[in-house]
Amino acid sequence: DDQIERERASQRLSGGCCALAAVYLMGKFYVANAGDSRAIIIRNGEIIPMSREFTPETERQRLQFLAFLRPELLGKEFTHLEFPRRIQPKELGKKMLYRDQNMNGWAYKKIEEDDLKFPLIYGEGKKARVMATIGVTRGLGDHDLKVFSSNIHIKPFLSCFPEVRVYDLTQYEHCPDDVLVLGTDGLWDVTDDKEVASVVMEVLTSYEPNDPCRYTMVAQELVVQSRGVLKERGWRLANDKLGSGDDISVFVIPLGGPGNYT
């Protein structure tokens, strides 16, 4: 992240990205995630999460706490408090549910003038945004990102520090069908963990256990199924729901079995 900041002027680069990394070292897998990509291990049909997404919803309390400590970052245009919906001026003096950086649940408060400001976190699910601008709260870059038509920087609310989870390969006997799946949010937006595991098992069983191409074919099938088929109404999945409109990158890494694969 520091290198991107140093080079953004000399390379004339802007923007940012998420990062998901898997490192194998001395019998263990270390999976580091900064962003909204996801990693899972499928072992004997069981799904083992190896990361979690960092979004305005999952990091609400961290973001609100920073805004509470440093209100100057909000530019007098935003409030760190969260309400179930946007508050209208006519609701001044009335009571409404809210929550702050210390709360998991909700409580009532009397609406004041400051509460009419735009909320730091607004929207739900994939539509949730920090300062109505960005929907992911960890990653690399975005040093110059600002709220539209303002001079309010968003970078202070974004973290480049990943969460790291460790999986000890020596604790289990792994067969050729046990894999680590790494995927960008384009995959997980339309395909859940169980559906991914189903595709993995279906494709792997159609190839010989010592055929290294089987893992590439699983990754390819996951991309194809998540993108869907182009029809008159856009890209559609098998169930006719909208296919993923985001980029889709997938790695499928074997955890055991005969042969040495590179």
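**Exercise 1. Place E208 in the fold, and decide whether E208 is buried or exposed.**

Step 1. E208 sits in the loop between α4 (193-204) and α5 (213-227). Helices here are DSSP runs (H or I, at least four residues), strands are runs of E of at least two, and both are numbered from the N terminus.

Step 2. The relative accessibility of E208 is 55%, so E208 counts as exposed. The cut-offs are under 20% for buried, over 50% for exposed and partly exposed in between, with a 1.4 Å probe and protein chains only.

Step 3. Now compare sequence and space. E208 and P176 are 32 residues apart in sequence and 9.5 Å apart in space, C-alpha to C-alpha.

The model is predicted: local features need pLDDT of at least 70, side-chain atom pairs count only at pLDDT 80 or more, and totals for chains, interfaces and linings use all residues. Residues are numbered from 1 along each chain as its sequence is written, and side-chain values use heavy atoms, without hydrogens and water.

**Exercise 2. Describe the largest pocket: what is its volume, and which elements supply its lining?**

Step 1. The volume is about 570 Å³. On a 1 Å grid over the protein atoms alone, a pocket is an open set of points with protein on both sides within 12 Å along at least five of seven lines, while a cavity is a set where a 1.4 Å probe fits but cannot get out; lining residues have an atom within 4 Å of a point. Points are joined across faces, edges and corners, and a volume is the space filled by probe spheres set on them.

Step 2. The lining has 28 residues, and C18, D36, S37, T184 and D185 are the closest to the pocket's centre.

Step 3. At least two lining residues come from each of β2 (19-25), β14 (179-183), α3 (185-188) and β17 (250-254).

**Exercise 3. Find what lines the largest cavity.**

Step 1. One cavity of 30 Å³ or more is counted. The largest cavity holds about 40 Å³ of space.

Step 2. Its lining is T79, F83, R85, R86, I87, D115, L116, K117 and P119.

**Exercise 4. Which residues have a positive phi although they are not glycine?**

Step 1. R12 has a phi of about 55°. R12 lies in the loop between α1 (2-10) and β1 (16-17), and is exposed at 79% relative accessible area.

Step 2. K76 has a phi of about 60°. K76 belongs to the loop between α2 (60-69) and β6 (78-79), and is exposed at 75%.
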